[in-house]
Amino acid sequence: MPELPEVETVRRALEAHVRGRRVMRLEARPVQLRRPLDPERLATALTGARLQTPRRRGKHLLVDTSNGGTLLVHLGMTGRLILTDAARDEPRHTHLVLGLDDGRVLRYVDPRRFGLVHWLEPGEEALDPSLVRLGSEPLDPDLPALLPGLIRSRRAPIKSLLLDQHLIAGVGNIYANEALWRARIDPARAGHRIAPRRLARLATVLKEVLEEAIAAGGTTIRDFASLDTEAGLFAVKLRVYGRLDEPCPACATPIRRRMLAGRSTFFCPRCQR
DNA sequence: CCAGTATCCTGCAGGC
DNA sequence: TGCCTGCAGGATACTG
């Protein structure tokens, strides 16, 4: 369940620990991810390439290389990048192995295979179907001004709209729940029935919760052996997500759960209207 | 275009 | 102990 903060944490870890390294060896399996992973294409493109500063777009990682192209990575539900000091026991569901010039090994592991590893030749990034229609970045300072316009004409529940990557890129189920609690908005409320001021407020608290989570992830980044994000997620204080029947932190009313957009939705029936 | 649902996949928890 | 069921959910194909 890596969402924007977890992906940003991984991005920073890559920047700190992998940037500037050259890929000496590549091993890949032709596994069916969101798109088929193409070992030939990856090996041709990446072997000998130097990895540059990684970028993030929504939940996607983009690693530019010295030879011009870009490695596109999405962690899906269960994807992880694992950096180890040497060739050590390979985790199950390892789909890609990059042997680096400092002797370390970077692995992409994804049991559920909802993720994506795809090589982009120069120029392909602008056309890639996963990237081309992505919406605004939630950390964009303009989002509070932008969000009312994006939501105003929509009749779907606000929770579903927050999860729509074509409107806002990077929000997943956990932080959608948390932001709606902070903004005191009922997740089921139709987008067009929310006042513009409340939507601007939602954008602000969304940014706050994402930044807190990034900061929490950052605290776990220091001695990175693996680029794991679990610790960061635990470090953020979740107020409603996963807290069925527990007291609302604001009013002590038991937290409820319902299904929305096919996802578990946690909310306070008293605070959120 | 829009909204809602099914689908992909594995691991794990809970019931019996 | 083991088998079954359902849930977890990011993105997208499909339906109405």
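1. Let's start with helix α2, in this predicted model. Its buried residues are Leu42, Ala45 and Leu46. Looking down the axis of α2, you will find these buried residues within an arc of 80°, so they line one face of the helix. A handy rule helps here: an α-helix has 3.6 residues a turn, so residues three or four places apart point the same way.

2. Now turn to the other side of α2. Which exposed residues does the face turned away from the buried side carry? They are Glu40 and Thr44. In this note, "exposed" stands for over 50% relative accessible area and "buried" for under 20%.

3. The two ends of α2 deserve a look as well. At the N-terminal end, Asp38 acts as a cap, with a side-chain oxygen 3.2 Å from the backbone nitrogen of Glu40. Just after the helix comes Gly48, with a positive phi of about 90°.

4. What do the buried residues of α2 pack against? Their partners are the strands β1 (23-28), β2, β3, β4, β6 (94-100) and β8. The helix itself, residues 39-46, lies across β2, β3, β4 and β8, and runs at about 50° to β8.

5. Those last four strands make up an open sheet, in the order β2-β3-β4-β8, and their pairing is antiparallel. At the edges are β2 (51-57) and β8 (116-120), each of which pairs on one side only. On average, neighbouring strands of this sheet are turned by 20° against each other, ignoring direction.

6. For a closer look at one strand pair, try β4 (residues 70-74) and β8: they pair in the antiparallel sense over five bridges. Leu72 stands opposite His118 in β8. Another helix, α1 (residues 4-17), packs on the sheet too, touching β2 and β3 (60-65). The direction of α1 makes about 170° with that of β2.

7. Stepping back, how is chain A divided? It has domain 1 (4-127) and domain 2 (143-267). Taken over C-alpha atoms, the centres of domain 1 and domain 2 are 28 Å apart.

8. Finally, visit the hairpin formed by β9 and β10, which has two residues between its strands. In the turn, Ala261 has a positive phi of about 55°. Strands β9 (residues 256-260) and β10 pair in the antiparallel sense over five bridges, and Arg257 stands opposite Phe266 in β10. Is β10 (residues 263-267) mostly covered or mostly uncovered? Mostly covered: four of its five residues are buried.

Conventions:
Residues numbered from 1 in each chain as written. Chains lettered and ligands numbered in written order. Predicted model: local features only at pLDDT ≥ 70, side-chain atom pairs only at ≥ 80, totals over all residues. Heavy atoms only, no water. Pairing = 2+ DSSP bridges. Axes fitted to C-alpha atoms, helices over the stretch in contact; angles between N-to-C directions. Contact = heavy atoms within 4.5 Å. Domains from an automatic or database assignment. Buried < 20%, exposed > 50% of the residue type's maximum accessible area, 1.4 Å probe, protein only. Arc of directions from axis to C-beta. Polar contact = N/O pair within 3.5 Å; in protein donor to acceptor, adjacent residues only side chain to side chain.
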